[in-house]
Amino acid sequence: METIYVSGYTREDNKGIHTLKLNADKKAFEASELIIEENNPTYITLSKDGKHLFTLSDGDEPGVAHYENNDGQFAFKDRVKVFNENGCYLTYDEKANVLYNANYKKGELAVIKVNEDGTLTVTDVIQHTSPVGPHENQDFAHAHFIHPTNDHKYILSCDLGTDEVHTYTLTDDNKLAEVSVYKAAPGTGPRHLAFHHSEPIVYLLGELDYTVEVLNIQEDGSLVAGNRYDTIPSDWTEFNSSAAIRLSSDNKFLYVSNRGHNSITVFEVSADGQSLTEIQNISTEGNFPRDFNFNADESFVIVGHQFQPQISLFTRDQESGLLTYVDNTSINEIVCVTPV
């Protein structure tokens, strides 16, 4: 049995962070368990050995909480206030031993040091101040993503409100130093990035214009635009908002979720990483697929839905990249899916 972590909003009957048991032989979910009660744990990140779980945490003191996994029992280690409201994205940089946190509402980014005793210390908070884009959702800077590059030389951040991707380095005292800013087309709404696993390439997902743009990372950290691709059919006229983007570890297939169209679009990636060819657009069998992820060996894709208590399971053909819907289970308001 394989373990998958899922979490989301706790505004209804969801109480926090759950584990799902995936039976690969049966191509089905076997069980789910609430492992940590948290208020709106809308994004979580794990250490590589699975012993440390960090989560966004809402409430009177919104911030980040740290739990230690002791043979499946999660012990609370620390909680630190970061912003005045809950963040939207969190990732653990194991090499630097810091967490990077993005705050959508105020366009803020934070660096949080993980101390040797497991406690957390905020070492930097910055705010984006560039002019906003033309879309009605671009009323303010809206930082949505922050993550180190594969070589840990740079940290990249997306801002949906300002149509920008920022490049930073991390200083010796764990602060962000900006080195470059990429300006996307007006109204793109940069949301998330997927990193090529062997080339200095990232794939930028535009939430507001439903596109994927190929960006090349230069030696100085600047980004140079390549090709651009739509993620939904051109005849779709109703609401859509693109959400999550994942690249298979062999760099051959790129996946994007679309909220509103309620689908995953699958692209085949060229050998050099510069071109995409759409090969599938498949219903997620649920409403508002905000996040999805592969299981450990990437033979399955697990999709969480924000507006319907359904987690969908797809098999993934690793040769063709194509998805097939096979099962579902019910947990409400799931917006983060994380494999062990």
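Strands here are DSSP runs of E of at least two residues, numbered from the N terminus. A residue lines a pocket if it has an atom within 4 Å of one of the pocket's grid points. On these terms, β8 gives the largest share of the lining of the largest pocket, five residues. The model is predicted.

The domain assignment divides the protein into two parts. Domain 1 is made of two segments, 1–34 + 242–339. Domain 2 covers 42–230. Their C-alpha centres lie 21 Å apart. The contact between them takes 30 residues from domain 1 and 28 residues from domain 2.

The largest pocket holds about 1200 Å³ of space. Its lining counts 38 residues. Closest to the centre of this pocket are Thr 45, Thr 91, His 147, Arg 246 and Asn 293. Several strands give two or more residues to the lining. They are β4, β8 (89–93), β12, β16, β20, β24 (291–294) and β28 (334–339). By class, the lining of the largest pocket has 19 nonpolar, 13 polar and six charged residues. Both domain 1 and domain 2 give residues to this lining, so the largest pocket lies between them.

The second largest pocket has a volume of about 640 Å³. It is lined by 26 residues. Tyr 9, Tyr 104, His 144, Arg 290 and Gln 306 are the closest to its centre. The lining of the second largest pocket divides into seven nonpolar, ten polar and nine charged residues. Domain 1 and domain 2 each supply at least three residues of it.

Enclosed space was examined next. Rolling a probe the size of a water molecule over the atoms shows where empty space is left. The count comes to one cavity of 30 Å³ or more. The largest cavity has a volume of about 60 Å³. Its lining includes Thr 42, Tyr 43, Cys 88, His 144, Arg 191 and His 192. Ala 243, Ala 244, Arg 290, Asp 291 and Val 335 also line the largest cavity. Two of these residues, His 144 and Arg 290, are among those closest to the centre of the second largest pocket. Strands β16 (190–195) and β20 (241–247) each supply at least two residues of the cavity lining. By class, the lining of the largest cavity has five nonpolar, three polar and three charged residues. Domain 1 and domain 2 each give at least three residues to the lining of the largest cavity.

Two of the sheets are described here. Strands of a sheet pair through backbone hydrogen bonds, either parallel or antiparallel. One open sheet has four strands in the order β4-β5-β6-β7. The pairing in this sheet is antiparallel. Its edge strands are β4 (44–46) and β7 (73–81), and each pairs on one side only. The twist of this sheet averages 20° from one strand to the next. Strand β6 (residues 63–70) and β7 are joined in the antiparallel sense over eight bridges. Within this pair, Asn 70 stands opposite Gln 73 of β7. The edge strand β4 is also one of the elements that give two or more residues to the lining of the largest pocket.

A further open sheet of four strands follows the order β12-β13-β14-β15. Here too the pairing is antiparallel. The edges are formed by β12 (143–148) and β15 (176–183), each of which pairs on one side only. From one strand to the next, the twist of this sheet averages 20°. Seven bridges join β14 (residues 164–170) to β15, and these two strands run antiparallel. Tyr 168 has Glu 178 in β15 as its bridge partner. The edge strand β12 likewise gives two or more residues to the lining of the largest pocket.

Methods. Residues are numbered from 1 along each chain as its sequence is written. This is a predicted model: local features need pLDDT of at least 70, side-chain atom pairs count only at pLDDT 80 or more; totals for chains, interfaces and linings use all residues. Side-chain values use heavy atoms; hydrogens and water are left out. Two strands pair if DSSP finds at least two bridges between them. Axes are lines fitted to C-alpha atoms, for helices over the stretch in contact, and angles run from 0 to 180 degrees between N-to-C directions. On a 1 Å grid over the protein atoms alone, a cavity is a set of points where a 1.4 Å probe fits but cannot get out, and a pocket is an open set with protein on both sides within 12 Å along at least five of seven lines; lining residues have an atom within 4 Å of a point. Grid points are joined across faces, edges and corners, and a volume is the space filled by probe spheres set on the points. Ala, Val, Leu, Ile, Met, Phe, Trp, Tyr, Cys and Pro count as nonpolar, Asp, Glu, Lys and Arg as charged, and the others, Gly among them, as polar. Domain bounds come from an automatic or database domain assignment. Contact means heavy atoms within 4.5 Å.
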